[in-house]
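Let's take a look at how this assembly fits together. We'll begin with the DNA and then move on to the contact between the protein chains.

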2 protein chains.
Amino acid sequence: MPVTRHIPESTIRRISHYLRALEILESQEATTVSSEELAQRGGTTAAQVRKDLSHFGSFGKRGLGYSVAELADRLRDILGLKCRWRVVLVGAGRIGSALFEYPYFVQRGYDCVAVLDSDPEKIGMSWGPVRIRPVEELELVISSLKGDIVILAVPPEAAQDLADRAVEAGVRAILNFAPVQLRVPAEVHVTYVNLVLELEALSFAITQAGSRT
Amino acid sequence: MPVTRHIPESTIRRISHYLRALEILESQEATTVSSEELAQRGGTTAAQVRKDLSHFGSFGKRGLGYSVAELADRLRDILGLKCRWRVVLVGAGRIGSALFEYPYFVQRGYDCVAVLDSDPEKIGMSWGPVRIRPVEELELVISSLKGDIVILAVPPEAAQDLADRAVEAGVRAILNFAPVQLRVPAEVHVTYVNLVLELEALSFAITQAGSRT
DNA sequence: TCCTGTGAAACGGTTCACAGCC
DNA sequence: GGCTGTGAACCGTTTCACAGGA
């Protein structure tokens, strides 16, 4: 693989969509697909599809399109889906529980190898094959189970401290559900899921549209 | 309010962060704040704060900064948080259940007024004051309860059809948790929460960083 | 002919720098 | 002097348009 320059975040998100579309095409036993069709299924434009893919190489055949199976394979490679990832879930509340059972994680290669919580009532409970452990063991769990990704599904007050500890223990990727901006070293990647913020974006949009009349 | 031009989505998201920061400042009884301080707490730059706010008017005093209480009030106004929103939750699975109990929704003015599901085992169950209703009643529920926002927490196969029906029933905002791109008329606003995609962005980032050595 | 891959142009958002007001 | 508000410069992403290979 050539030394990749900086790839826009937006490109990565679209690549995920393309892969999803390709998997549907695979199940329909389509063998080739054009940038045009991929664009429609991914919710973007043909030029955008080609530009996105060009960051990573030339996977298509001129005049013909892309091989569905081959492109899907390359995209899985790009997104790092060729291996299984070890996820440590911190927070066994409602959100944590929903994520633990979320079927698409396992399907995509993300295995939740441990669950931690601070609530003595929850500690020791078994969720399937996983026993809930005290949050004090975070460092131990990360290092002994070789966790790649930490999911924080905890109250906002607790998030920064837990993030610091996870980073210290060697984690380089955090998916944060707590509605706070985390401060982490530059080499650590954080993505945010802020549920209230998404609703606020909607109520803003409705309010705006309404006031235009 | 002047007829607002197009406001970048990113600005709205930052405004949400500013409001969160202002509320913390309010609780600490701070009275004024500079764009510089707001930027630090919101995870951006001072110039960006000023630019973001300038889309909506001039709320600060030169040489002095912004009044915390006044700015918070204006931002609530902008985000449409001055009223309560009526949310219809479709899907009473793990995710739906977590969202229903999510405390920050109510706190911000989003009330879940109805829950629907297609599973006969769930229909009729009571979640607090709300009884789970069959998904067939979607249109009825939206019109009788005057739903403003629909949250889709359903399997991907079901999402498009439910979105169509919700739009038909008059909903103008959808928060979609199903991992599919929805096709809706331009005047309907959709925001996506795609959990797998967030993890994929992380595994891509880790893979990239690793391969650079 | 068809469709990809890619420089070049266009666009939009961010950053800069400073005028203007407290 | 201090800090906001904003046009202008900058920069990264998207779109265009076409060269080039199946």
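## Meeting the DNA

Of the atoms of DNA strand D that lie within 4 Å of the protein, 60% are sugar or phosphate atoms and the rest belong to bases. This is a predicted model, where local features need pLDDT of at least 70, side-chain atom pairs count only at pLDDT 80 or more, and totals for chains, interfaces and linings use all residues. Residues are numbered from 1 along each chain as its sequence is written, chains are lettered from A and ligands numbered from 1 in the order written, and side-chain values use heavy atoms, with hydrogens and water left out.

There are 25 residues around strand D, and A:Arg14, B:Ser35, B:Arg50, B:Gly60 and B:Tyr66 come nearest (near means a heavy atom within 4 Å of the strand). They split into 5 nonpolar, 12 polar and 8 charged (nonpolar is Ala, Val, Leu, Ile, Met, Phe, Trp, Tyr, Cys and Pro; charged is Asp, Glu, Lys and Arg; the others, Gly among them, are polar).

## Contacts with strand D

On the phosphate side, an N or O atom in the side chain of A:Arg14 sits 3.0 Å from a phosphate oxygen of DNA strand D. A:Gln48 puts a polar side-chain atom 3.3 Å from a sugar or linking oxygen of that strand. For a base, look to B:Gly63: one of its backbone N or O atoms is 3.1 Å from a base oxygen of DNA strand D.

## Two copies, one axis

A turn of 180 degrees with a shift of 0.0 Å along the axis lays chain B on chain A at an RMSD of 0.1 Å (a least-squares fit on C-alpha atoms of residues with pLDDT of at least 70 in both). That is the relation of a two-fold axis. B:Ala98 has the chain B C-alpha nearest the axis, 3.3 Å from it.

## Where the chains touch

In all, 59 residues of chain B are in contact with 61 residues of chain A (heavy atoms within 4.5 Å). Between them the chains bury about 5700 Å², 67% of it on carbon and sulfur atoms (accessible area, 1.4 Å probe, lost on being put together and summed over both). B:Leu199, B:Glu200 and B:Phe204 supply 12% of the area chain B buries here, more than any other three residues.

The count of salt bridges between chain B and chain A is 8 (a Lys or Arg side-chain nitrogen within 4 Å of an Asp or Glu carboxyl oxygen). One joins the side chains of A:Glu101 and B:Arg94, at 3.7 Å from N to O.

How values were computed. A polar contact is a pair of N or O atoms within 3.5 Å; within protein, one must be able to donate a hydrogen and the other to accept it, and residues adjacent in sequence count only if both atoms are side-chain atoms. Buried area is the accessible area (1.4 Å probe) that two parts lose on being put together, summed over both.
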